[in-house]
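This report introduces a protein structure to a reader who has not met it before. Please keep the sequence and the three-dimensional view at hand while reading.

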Amino acid sequence: MHDLPPDLPRLRTLETWLALTLDRVRGQIKDAERREAEHQRGIEARPPSPDWLIERGLSGQDAVYVHAGDCWNAGKRSKGVDRSTALHALTEGVAACPHCRPDTALGVLD
């Protein structure tokens, strides 16, 4: 017993449908590959995370915490800074984050 039709017109119809379906699948594959390549380029082009962060208060003016760049507790009002700026902030009295302890990493002792 065969699972394909025995006559030529229906076999040609099936062939056409399969060819169209294969073209659609190949198009979807190309689109998925393009999206994946764009995603990978975005990851590679992403700027490196800063080594140090300064978190501002609600007013946006006063610094409230110094964080290590990878601190999980850094808020949305944090901005990346260089080592000397982080050191200066700590010596000027900005609190060190109690979770990531940037004062210890920077060698600043209370």
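The following paragraphs treat the sheet, the core, the cysteines, the salt bridges and the backbone in turn.

## The sheet

The model under discussion is predicted. Its sheet is open and is formed by four strands in the order 3-1-2-4, with mixed pairing. Strand 3 (78-81) and strand 4 (95-96) are the edge strands, each of them pairing on one side only.

Strand 1 and strand 2 run antiparallel and are joined by five bridges. Within this pair, Trp 52 has Ala 68 of strand 2 as its bridge partner. The hairpin of strand 1 and strand 2 has six residues between the strands, and Gly 60 in that hairpin takes a positive phi near 85°.

Strand 1 also pairs with strand 3, again in the antiparallel sense, over four bridges. Here Glu 55 stands opposite Ser 78 of strand 3. As for its surroundings, strand 1 is mostly covered, since four of its five residues are buried.

The parallel part of the sheet is the pairing of strand 2 with strand 4, which extends over two bridges. Val 66 faces Ala 96 of strand 4 in this arrangement. Helix 2 packs on the sheet and touches strand 1, strand 2, strand 3 and strand 4. The direction of helix 2 makes about 45° with that of strand 1.

## The nonpolar core

Which residues make up the largest nonpolar core? It consists of twelve residues: Trp 52, Ile 54, Val 66, Ala 68, Val 81, Ala 86, Ala 89, Leu 90, Val 94, Ala 96, Leu 106 and Val 108. At least two residues of this core come from each of strand 1 (52-56), strand 2 (63-68) and helix 2 (83-91). Helix 2 gives the most, with three residues.

The sheet and the core thus share residues. Trp 52 and Ala 68, both members of the core, are bridge partners. Val 66 and Ala 96 also belong to the core, and they stand opposite each other in the sheet.

Leu 90 is another member of the core. Apart from its neighbours within four places in sequence, Leu 90 is in contact with Val 66, Ala 95, Ala 96, Pro 102, Asp 103, Leu 106 and Val 108.

## The cysteines

How many disulfides does the structure hold? The number is zero. Cys 97 is in no disulfide, and the nearest cysteine sulfur, that of Cys 71, is 3.7 Å away. For Cys 100, the closest cysteine sulfur is likewise in Cys 71, at 3.6 Å. That distance is too far for a bond, because a disulfide requires the two sulfur atoms to be within 2.5 Å.

Is Cys 97 buried or exposed? Cys 97 is buried, with a relative accessible area of 0%. Cys 100, by contrast, counts as partly exposed at 22% relative accessibility.

## The salt bridges

The count of salt bridges comes to four. Three of these are listed below.

| Side chains | Distance, N to O |
|---|---|
| Asp 7 and Arg 10 | 2.6 Å |
| Arg 12 and Glu 15 | 3.2 Å |
| Arg 34 and Glu 38 | 3.4 Å |

In the pair of Asp 7 and Arg 10, Asp 7 is partly exposed, with a relative accessible area of 27%. Arg 10 is partly exposed as well, with a value of 48%.

Arg 12 and Glu 15 lie three residues apart in helix 1 (residues 8-45), so about one helical turn separates them. Arg 12 has a relative accessible area of 47% and is partly exposed, and Glu 15 is partly exposed at 44%.

Arg 34 and Glu 38 are four residues apart in helix 1, so they too are separated by about one helical turn. Arg 34 is partly exposed, with a relative accessible area of 41%. Glu 38 counts as partly exposed at 38% relative accessibility.

## A backbone feature

Most residues other than glycine have a negative phi. Arg 101 has a positive phi of about 50° although it is not a glycine. Where is Arg 101 found? It is in the loop between strand 4 and helix 3 (102-106). Arg 101 is partly exposed, with a relative accessible area of 34%.

Note on methods
Residues numbered from 1 in each chain as written. Predicted model: local features only at pLDDT ≥ 70, side-chain atom pairs only at ≥ 80, totals over all residues. Heavy atoms only, no water. Buried < 20%, exposed > 50% of the residue type's maximum accessible area, 1.4 Å probe, protein only. Core = buried A, V, L, I, M, F, W, Y, C linked by side-chain atoms within 4.5 Å. Contact = heavy atoms within 4.5 Å. Pairing = 2+ DSSP bridges. Axes fitted to C-alpha atoms, helices over the stretch in contact; angles between N-to-C directions.
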